[in-house]
Amino acid sequence: MTEAQTWQPRYASRSVRMEASEIRELLKVIAQPGVISFAGGIPDPALFPMEEVETAFVDLLALPNAGARLLQYSVSEGDPDLRRWIAGYMAAKGVPCDIDNILITNGSQQGLEFLGRLLISPRDTALVLAPTYLGALQAFAGAEPCYDILTPEQTNRTAASYRDAAARSGGDVKFAYSVPDFANPSGETLSLAARERLLELSRSLDIPLIEDAAYTDLRFDGDDLPGLQALDVAASGGIDRSRVIYCGTFSKIFMPGLRVGWVCASRQIVARLTLIKQASDLNSSALNQAIIRRLAEQCFDEQVQKVRASYRAKRDRMLAALRAHMPGGVSWSEPKGGMFIWVTLPSHIDAADLLQRAVAEVGVAFVPGRAFFAAGEGSNTLRLSFSLPSVDEIDDGIAKLARLIAAE
Ligand code: PMP
C-alpha cells in the first residue's frame with residue numbers, strides 16, 4: 001500500500017504541503033563516485049577553520065563549570081556574549097541595535113521557519129522573487145501560504161494588485177521575502193533602486209520584509225550595497241521601528257555544521273520568536289554558540305577574506321569556462337559574490353531531462369531550476385554551484401556539459 005492510501009489521510013493539511021524536495025531526491029542520485037557536482041550549494045570543507053574549532057572545543061570544555069555552562073539547557077534567546085558580538089556586527093552594517101534585538105537560531109533556516117509560523121495563517125500570501133530560495137519555500141510550507149511574485153527590478157505591480165490577488169486567494173499579504181545579495185539560486189544582487197522599491201512596496205502594503213542575508217559577506221567585486229534593514233532603520237528612526245526582519249548565519253563563513261544563525265529585528269518581534277523557539281527546541285546548543293563566539297572574536301574578518309578569495313577564483317574559472325564552451329542560445333548570470341551561477345537554456349531544452357543525461361553520459365550534475373519557482377515555471381533553467389568543486393573539475397565539468405547541450 002502506498003503512503004497516499006495508508007498514512008496520508010491522517011496527516012494535517014500543513015504536513016501534506018511539505019513535499020520531499022526535488023533537490024534532496026536528486027542529490028541522492030548524483031552522489032555517485034566520479035560525478036562532478038555543481039549541484040549542492042554547500043560550503044567547501046577545505047575552508048573550515050578546523051584547528052581553531054578543535055582548540056576552542058578543548059579550551060572551552062576545560063573551563064571551570066564547563067558542564068553547567070556549556071552542556072546544560074540554556075536561555076532561549078541565545079548566549080548574551082554571542083548576541084553582543086552580533087549586535088556589533090549589525091551596527092557595522094548600519095543597524096545599531098542591542099542584544100534584545102537578536103535571537104540565536106539553529107541556522108538561519110530555523111529563523112525562516114519561525115517567521116512562517118509567526119506571520120502566515122493558511123491562505124495568506126507571501127511575496128517572493130521568481131526564482132527564490134527553495135529552502136524558504138519549504139520553511140514556509142507548514143504555514144500553508146499562497147505565493148505572489150515580487151518584481152523589484154521592474155515597477156509594474158502596485159500594492160493594490162497584490163492586495164486584490166491575496167484577497168482572491170482567501171487571505172492577506174503577510175510579508176515579502178528576499179535574498180538581496182548574491183541570491184540562491186540566481187546569483188543576482190538587487191540594485192539600490194530595487195531595494196528602495198521593495199521597501200516602498202512593503203510600506204504601502206504595511207507588511208514586514210524579510211531580508212535573508214546568507215551570502216552578504218561573500219562579495220568578490222565592487223562595493224557593498226546597503227542592506228534592506230539598514231535602509232529601513234535609517235528611514236524609520238531605529239531597529240525597534242523597522243519593518244525589516246534580518247536572518248543572518250555563520251554557515252557560509254565558518255561552517256554550517258554547528259547550526260548557528262540569528263534573527264535581528266525589533267524587540268517585539270524577537271520576543272515573539274523567542275516564544276516559538278522555546279516551544280520548538282528550548283535553546284540552541286550552548287557549546288556550539290560558545291565555539292562560534294570564540295571564532296567570531298578571533299578570526300571572523302580573516303575567515304571572510306579566505307572564503308572570498310577561494311570562491312572568487314572558482315567563480316572566475318566557471319565564468320571563463322562558460323564563455324569558452326557554451327553554445328549560442330545559452331545565457332548565464334555573472335554573480336558578484338556568493339556560490340551560484342544561474343543558466344538559461346534554449347526554451348526547447350528541459351533541464352530535468354538534461355540532468356539525467358548529464359549524470360549518466362558525462363558524469364556532471366547541477367540542479368534543474370524549476371524547483372526554485374513558487375509557481376513551477378523555469379523548466380529551461382538550471383543552477384550551477386561553484387563553491388565545492390576544484391578549479392580543474394570546474395573546467396572539465398563545464399566543457400562536458402556544454403558539449404551535451406550543444407548536441408541537444
Ligand atoms: N538562506 C539561503 C538563501 C540559503 O541558501 C541557505 C542555505 N542553503 C540558508 C538560508 C540556510 O542556511 P543556514 O540554516 O545554514 O543558516
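Student: What's the split of nonpolar, polar and charged residues in the shell around the ligand?
Tutor: The shell around the ligand divides into four nonpolar, six polar and three charged residues, where Ala, Val, Leu, Ile, Met, Phe, Trp, Tyr, Cys and Pro count as nonpolar, Asp, Glu, Lys and Arg as charged, and the others, Gly among them, as polar. Please keep in mind that this is a predicted model, in which local features need pLDDT of at least 70 and side-chain atom pairs count only at pLDDT 80 or more, while totals for chains, interfaces and linings use all residues. Residues are numbered from 1 along each chain as its sequence is written, and side-chain values use heavy atoms, with hydrogens and water left out.

Student: Which residues come nearest to the ligand?
Tutor: Of the 13 residues around the ligand, S108, D212, Y215, T249 and S251 come nearest, a residue being near if one of its heavy atoms lies within 4 Å of the molecule.

Student: And which ligand atom does D212 face, and how far off?
Tutor: An N or O atom in the side chain of D212 is 2.6 Å from a nitrogen atom of the ligand, and a polar side-chain atom of R259 lies 2.8 Å from a ligand oxygen atom; a polar contact is a pair of N or O atoms within 3.5 Å.

Student: Switching topic, which helix gives the most to the shell?
Tutor: Helix α7 (residues 107-119) does, with three residues, helices being DSSP runs of H or I with at least four residues, numbered from the N terminus.

Student: What is the handedness of its crossing with α8?
Tutor: The crossing of α7 and α8 is right-handed, meaning that the near helix is turned clockwise from the far one by less than a right angle.

Conventions. A polar contact is a pair of N or O atoms within 3.5 Å; within protein, one must be able to donate a hydrogen and the other to accept it, and residues adjacent in sequence count only if both atoms are side-chain atoms. Helices (H or I, at least four residues) and strands (E, at least two) are DSSP runs, numbered from the N terminus.
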